[in-house]
Amino acid sequence: MRNIIIKLLLSALFILFTAFIAFGEENSALNEMTKLPEIEYQQIFINGNKEFEIIKPVFKDKEKYSEVNKRIDEIVDEKKWSKTEKEIKKEKNNYSEETYISFMPEITYHDRNIISICFYNELYLGGAHGGHRVNSIVVNRKTGKEITQDILGENKMDAFDKIYALIKANKGEVFFNVDEMKITREKIEKEAVLVYITKDVIGVIYNEYGIAPYTSGTPQFNYNMKTKKVTFIDGSF
C-alpha cells in the first residue's frame with residue numbers, strides 16, 4: 001500500500017513538473033512573439049542646451065523601418081527646435097528663466113503585429129501655463145510601414161460620426177461651440193491623433209484648442225472596435 005502511495009505521489013509530481021515546463025515554454029514563446037524590435041532611445045539636447053531635452057526612438061533595423069525612422073524625424077523635427085532654442089537664447093530677456101522644451105515618446109501598446117507610439121511635447125516660455133502637444137505613429141511590425149491613419153479600418157466612419165455627435169451634443173460644456181468655431185466633421189477626422197490603447201480600443205486624441213478650451217486639456221475619446229462604443233476621458237456618453 002505504501003509503495004502505491006509513493007508511486008502516485010511521484011506520478012503527480014512528474015505531471016506537475018511537465019506542466020510547469022510546458023507553461024514556461026509557452027510563456028517564453030509568447031514573449032518572443034510580442035518582443036519589440038530593438039529600439040534605440042537617443043537623448044538629444046538642442047544646441048547643447050540641457051533644458052531643451054528630446055528623447056527620440058530609433059528603430060535599429062534601419063532598412064526595414066527606414067520610412068518609419070524618417071517619419072519619426074519629421075515628428076521630432078530637431079531643426080525646428082534648434083531654431084526655436086536660438087531665438088529664445090537671443091531674446092532671453094523676453095522669456096522666463098524656467099523656459100524648457102520636453103519631447104518624450106511612450107509606447108501605448110504593442111503585440112506581434114503592431115507598435116503604437118505616442119509623442120508628448122511640453123513647451124514652456126513663461127506665463128501662467130505652457131503648451132502641450134501630442135503626435136503619434138503606429139507601425140506594422142511585419143512590413144515595417146506606418147499604418148497610423150488606417151488603424152480604425154472599416155470603423156473609421158462610425159467612430160468619427162459618434163465623436164462628432166458627442167461634441168455637438170456637449171458644446172459649451174466641455175467642447176467649443178461647433179458652429180462658432182467652425183468645427184466640422186471633416187476637421188474632427190483630420191486633426192485626430194490615433195493610438196492603440198488595447199488590442200480593441202483606439203485612442204482618439206485632440207491637441208489643445210483643437211476642439212475645446214485649454215481647461216479641457218487634450219480631449220481623448222476611446223473607441224472600442226468590438227462594442228462600437230465611444231468613451232470620453234471624463235466619462236462615458
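This report describes the strand pairing of the structure and the helices that pack on its five-stranded sheet.

The model is predicted, so to speak of local features a pLDDT of at least 70 is needed, side-chain atom pairs count only at pLDDT 80 or more, and totals for chains, interfaces and linings use all residues. Residues are numbered from 1 along each chain as its sequence is written, and side-chain values use heavy atoms, with hydrogens and water left out.

Five strands form an open sheet in the order 1-2-3-4-5 with mixed pairing, where strands (E, at least two residues) and helices (H or I, at least four residues) are DSSP runs numbered from the N terminus, and two strands pair if DSSP finds at least two bridges between them. Strand 1 (39-45) and strand 5 (131-140) are at the edges with a single partner strand each, so one side of each has no neighbour in the sheet. From one strand to the next the twist averages 20 degrees.

Helix 2 (residues 66-76) packs on this sheet and touches strands 2, 3, 4 and 5, while helix 3 (residues 78-90) touches strands 1, 2, 3 and 4, contact meaning heavy atoms within 4.5 Å. The direction of helix 2 makes about 170 degrees with that of strand 2; axes are lines fitted to C-alpha atoms, for helices over the stretch in contact, and angles run from 0 to 180 degrees between N-to-C directions.

Antiparallel pairs include the following.

| Pair | Bridges | Opposite residues |
|---|---|---|
| Strand 1 and strand 2 | seven bridges | isoleucine 44 and isoleucine 54 |
| Strand 7 and strand 8 | five bridges | isoleucine 205 and glutamine 220 |
| Strand 8 and strand 9 | three bridges | asparagine 222 and threonine 231 |

Strands 8 and 9 form a hairpin with five residues between them, and lysine 228 in the turn has a positive phi of about 65 degrees.
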